[in-house]
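Here is a walk through some charged pairs and one helix packing. Have the sequence and the structure open as you read.

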Amino acid sequence: MSGLSTLKRRGVPQKRSAYAAIALLCVLAVPLLAGCGGSRGLGSDIFGDSASGPVLATPAPSAPATPPPATQGPLSTVPAAPSLIPPSVRAPGGQVRIAILLPLSGPEARIGQALLNAAQLALFDVADADFQLRPYDTGADPMEAGAVAQQALADGAEIILGPLFAAATTAVAPYAHQAGVPVLSFSNDEAVADQGVFVLGFLPRDQVARVVRYATAQGIVRYAALAPDTPYGRSVTRALQETAQEAGATTVRATLYNPGTGDFTQIARQFADYDQRKRALASDKARLAGRDDEASRRALARLERMETVEELPYQAVLLPDAGQRLRSLAPMLAYFDVDNRKVRMLGTTLWDDASIAGEPTLGGGWYAAPSADMRATFENRYQQAFGARPPLVAGLAYDATALVALLARDRDQPDFSLETLTSPEGFAGVNGIFRLKPDGLNERGLAVYEIGDGQRRVIDPAPQSFQPLIN
């Protein structure tokens, strides 16, 4: 069965029906490392030694970094690109050339290699024999990405996958704009998104919107945020304020803390209004202590078992942090009587971690993330092929490669137009459904998870279609 015939369609208009979705039925239905068009393993063909299959070209050497002049360019945030050598023209029916820009050397080489590994899997699952994926090493210097983008365009790249980081994407953007070549960056920084420059990463605003809309539907209408004072923390806090307002709810408190702090005692104490609530308790106990009736004695006995009185002004707290910081902060909130049985803890995809699920003071907390069920098959195949579990970001490289390989099947006229890339019906990938928006951002179908007792369970499944969102 051909790869194209196994692809699930998602109602794309008839003129683009062949481009309907990535939908990874190929991944689910074929043996490990078999391509949808045959049964080739990851042998010499993947490095271009045979003309029988899709090609992963030998990585191009990094060009010397030559920063463009700092003048106003196609994007207001990036310098202008100097004139480029026009990309070579592909003969009708010739090879479709795709560039993938990754940090294959330097401190992030491990992540870069994982992305390239995932792209190789997609290459054999979806691509045909005339699809050439050419890796370029962006190294550790963001400006290197601009230099290798020039080389990729001169080599005839018709679309650029990557780079991984925002700064590198900013360096690539002016060259891609001038050449009229789309960029599918693996960054999650909204600031680098632009028409023709798409960010495929998991956007904090989508995660916050998903979990807050779900929580509001459950009756939670007063929110607070306790976030690190970082670009990520500030972005998440803004997303909470915007989403809550759109949902008819309120953000009653937003507190940022120094991410370098090692002691959350005062931060948690103030956020919990602990001293005020403790004083209120003492006042109530003093008032009841002077009374001799049975009701007052029972009320006083109940107060003796309490830490504080007065309700907190918020019903849910968004904690967009991870690792040891979160495992230190959450117990300190509980110590100052922010009870997770009364106040719902909310998180982002950073919570998609077994160590977070095992923290008792976060029990019952909710967060939004891609569907683990849809990702499991890809992760298992990746581990069998490469001997390690892939990082979450690796799925972005698989999806991007599979998408452009599908769009390249018409070799006489591959459709990498912005109209096709931003199809409102979207695409289905290893992390669920997603669609690219004309402003360069993306939208994903996320699931809502609840954590507790070391487990993560889905309480609201990821949508299978964007249809309800566009009717």
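## A bridge from strand to loop

Start with D155 and R134, whose side chains form a salt bridge with N and O 3.6 Å apart. D155 sits in the loop between α3 (142–154) and β4 (160–161), while R134 belongs to strand β3 (residues 131–137), so this pair ties together parts that are 21 residues apart in sequence. Keep in mind that the model is predicted.

How accessible are the two partners? D155 has 23% relative accessibility and counts as partly exposed. R134 is partly exposed too, at 25%. As for the whole model, the count comes to 18 salt bridges.

## Bridges to strand β16

Next up is R210, which pairs with D460 in a salt bridge, the closest N and O atoms being 2.9 Å apart. This one links distant parts of the chain: R210 is in helix α5 (residues 204–217) and D460 in strand β16 (residues 455–460), 250 residues apart. R210 is buried because its relative accessible area, 17%, falls under the 20% cut-off. D460, on the other hand, is partly exposed at 25%.

Strand β16 also holds R456, and its side chain meets that of D352 in a salt bridge (3.2 Å, N to O). D352 lies in the loop between β10 (344–347) and α11 (354–357), 104 residues from R456 in the chain. Both are partly exposed, with R456 at 36% and D352 at 22%. Which residues join D352 and R456 in a network of salt bridges? They are R375, E379 and R389.

## How α3 packs on α4

Back to α3, the helix that comes before the D155 loop. Helix α3 packs against helix α4 (residues 166–179) with the axes 7 Å apart and an angle of about 30°. Angles under 35 degrees count as roughly parallel, so α3 runs roughly parallel to α4. The crossing of the two helices is right-handed.

Want to find the contact on screen? On the α3 side, look for P142, M143, A145, G146, A149, Q150 and L153. They meet A167, A168, A171, V172, Y175, A176 and A179 of α4. What classes of residue make up this contact of α3 with α4? There are 12 nonpolar residues and two polar ones, with no charged residues. The polar ones are G146 and Q150, because Gly counts as polar here and Gln is not on the nonpolar or charged list.

Note on methods. Residues are numbered from 1 along each chain as its sequence is written. This is a predicted model: local features need pLDDT of at least 70, side-chain atom pairs count only at pLDDT 80 or more; totals for chains, interfaces and linings use all residues. Side-chain values use heavy atoms; hydrogens and water are left out. A salt bridge is a side-chain nitrogen of Lys or Arg within 4 Å of a carboxyl oxygen of Asp or Glu. Helices (H or I, at least four residues) and strands (E, at least two) are DSSP runs, numbered from the N terminus. Buried means under 20% relative accessible area, exposed over 50%, partly exposed in between (1.4 Å probe, protein chains only). Axes are lines fitted to C-alpha atoms, for helices over the stretch in contact, and angles run from 0 to 180 degrees between N-to-C directions. Angles under 35 degrees count as roughly parallel, over 145 as roughly antiparallel, 65 to 115 as roughly perpendicular and the rest as oblique. A crossing is left-handed if the near helix is turned anticlockwise from the far one by less than a right angle, and right-handed if clockwise. Contact means heavy atoms within 4.5 Å.
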